[in-house]
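These exercises ask you to read a protein model step by step, moving from single residues to the whole chain. Try each task on the structure before you turn to its solution.

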Amino acid sequence: MGKGKIIKKLRLDHDMTQEELAKKLNTTKQTIYKYENDVITNIPADKIKSMAEIFGVSPVEIMGLSNIGVPAAHGIPILGTICAGDGVYTEQNFDGYFFVDHSIKADCCLYVHGDSMIEAGIMDGDIAFLKKDTDITDGDICGVVLRDSNEAVLKKLYRSGDHLILQPCNSSYTPIVEKPENIHIVGEMVGVYHKTK
């Protein structure tokens, strides 16, 4: 399938008109028509990237290359920042997509801020991948929101009687002890992306 048909299919799958897509891409309805009908075949790279983010797919998929040996990828929404340190307010701002192989089963990802999880190999500036999971077991690393302060933290989760213990992985930090009703579990961490530079 050519780029034009792929773009049209993705647009229709997202119940979007040519005019709506044009507005998101800061272009015209006529240009979208030309993309979809292969009148314009050399689509600028920034437009391909933007369409991939809008549709939650890999740029490779839009270019029709995923069926010729290039692994297909999917976009995981980046939803802001989570604290691994002294505390930061949760930022639930959609910040685009992080494209990964389909083997990564995550529902969202967040930027890590702080060093309270360094002994678990999670560093400041990393991206943590979270999967919504109702079957959390002791010792799982979870993204958690403290309801009273709206603070989002990344910690190991343990149960102790009628309390939950949020355990950092850095001996410089002390655990957080809360009642279950004061905590919203965003999800279990299923992976982390380390920036090399």
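**Exercise 1. Asn26 and its backbone**

Task: Find where Asn26 lies, and decide whether this residue is buried or exposed.

Solution: Asn26 lies in the loop between α2 and α3, in a model that is predicted. The next step is its accessibility: the relative accessible area of Asn26 is 70%, and the cut-off for an exposed residue is over 50%, so Asn26 counts as exposed. The last step concerns the backbone, where Asn26, although it is not a glycine, has a positive phi of about 60°. As background, most residues other than glycine have a negative phi.

Task: Asp38 also has a positive phi; in which loop is Asp38 placed, and what is its relative accessible area?

Solution: Asp38 is found in the loop between α3 and α4, and its phi is near 55°, a positive value in a residue other than glycine. With a relative accessible area of 37%, Asp38 is partly exposed.

**Exercise 2. The two sides of helix α2**

Task: Determine which residues of helix α2 are buried, which are exposed on the other side, and what the buried ones pack against.

Solution: Begin with the buried residues of helix α2, which spans residues 18-25; these are Gln18, Leu21, Ala22 and Leu25. When one looks down the axis of α2, its buried residues fall within an arc of 105°, so they line one face of the helix. The general background is that an α-helix has 3.6 residues a turn, so residues three or four places apart point the same way. Then turn to the other side of α2, where Glu19, Lys23 and Lys24 are exposed. Finally, follow the buried residues outward from the helix: they pack against α1 (3-13), α3 (29-36) and α4 (45-55).

**Exercise 3. The nonpolar cores**

Task: State how many residues the largest nonpolar core has, which elements give two or more residues to it, and which residues Ile7 touches.

Solution: The largest nonpolar core has 16 residues, and those with the most contacts inside it are Ile7, Leu21, Met51, Phe55 and Ile62. The elements that give two or more residues to this core are α1, α2, α3 and α4, and the largest share, four residues, comes from α4. To see one member of the core in its surroundings, take Ile7: once residues up to four places away in sequence are set aside, Ile7 touches Leu21, Tyr35, Glu36, Ile43, Met51, Phe55 and Ile62. There is also a second, separate core of 14 residues, which includes Cys108, Ala128, Ile141 and Leu154.

**Exercise 4. Polar side chains and a loop**

Task: For Thr31 and Asn170, decide whether each is buried or exposed, and find a polar partner for each of them.

Solution: Thr31 has its place in helix α3 and is buried, with a relative accessible area of 16%. Its side chain is joined to that of Thr27 by a polar contact of 3.4 Å. Asn170, which lies in the loop between β7 and β8, is buried as well, with a relative accessible area of 8%. A polar atom of the side chain of Asn170 lies 2.9 Å from the backbone nitrogen of Ser172. Beyond its neighbours within four places in sequence, Asn170 is in contact with Asp115, Ser116, Ile118 and Glu119.

Thr174 is placed in the loop between β7 (163-167) and β8 (176-178), and at 64% relative accessibility Thr174 counts as exposed. The C-alpha atoms of Thr174 and Ser116 are separated by 9.3 Å, while the two residues are 58 residues apart along the chain.

**Exercise 5. The whole chain and its confidence**

Task: Describe the order of the elements along the chain, and say where pLDDT stays under 50.

Solution: The protein chain has five helices and nine strands, and from the N terminus on, the elements run α-α-α-α-α-β-β-β-β-β-β-β-β-β. Buried residues make up 41% of its 197 residues. For confidence, start with the mean pLDDT of 84, with 88% of the residues reaching 70 or more. Then look at the weak stretches: pLDDT stays under 50 over residues 67-71, for which the model has three contacts beyond four places in sequence, and also over residues 87-91, for which the model has 16 such contacts.

Notes. Residues numbered from 1 in each chain as written. Predicted model: local features only at pLDDT ≥ 70, side-chain atom pairs only at ≥ 80, totals over all residues. Heavy atoms only, no water. Buried < 20%, exposed > 50% of the residue type's maximum accessible area, 1.4 Å probe, protein only. Arc of directions from axis to C-beta. Contact = heavy atoms within 4.5 Å. Core = buried A, V, L, I, M, F, W, Y, C linked by side-chain atoms within 4.5 Å. pLDDT = per-residue confidence, 0-100. Polar contact = N/O pair within 3.5 Å; in protein donor to acceptor, adjacent residues only side chain to side chain.
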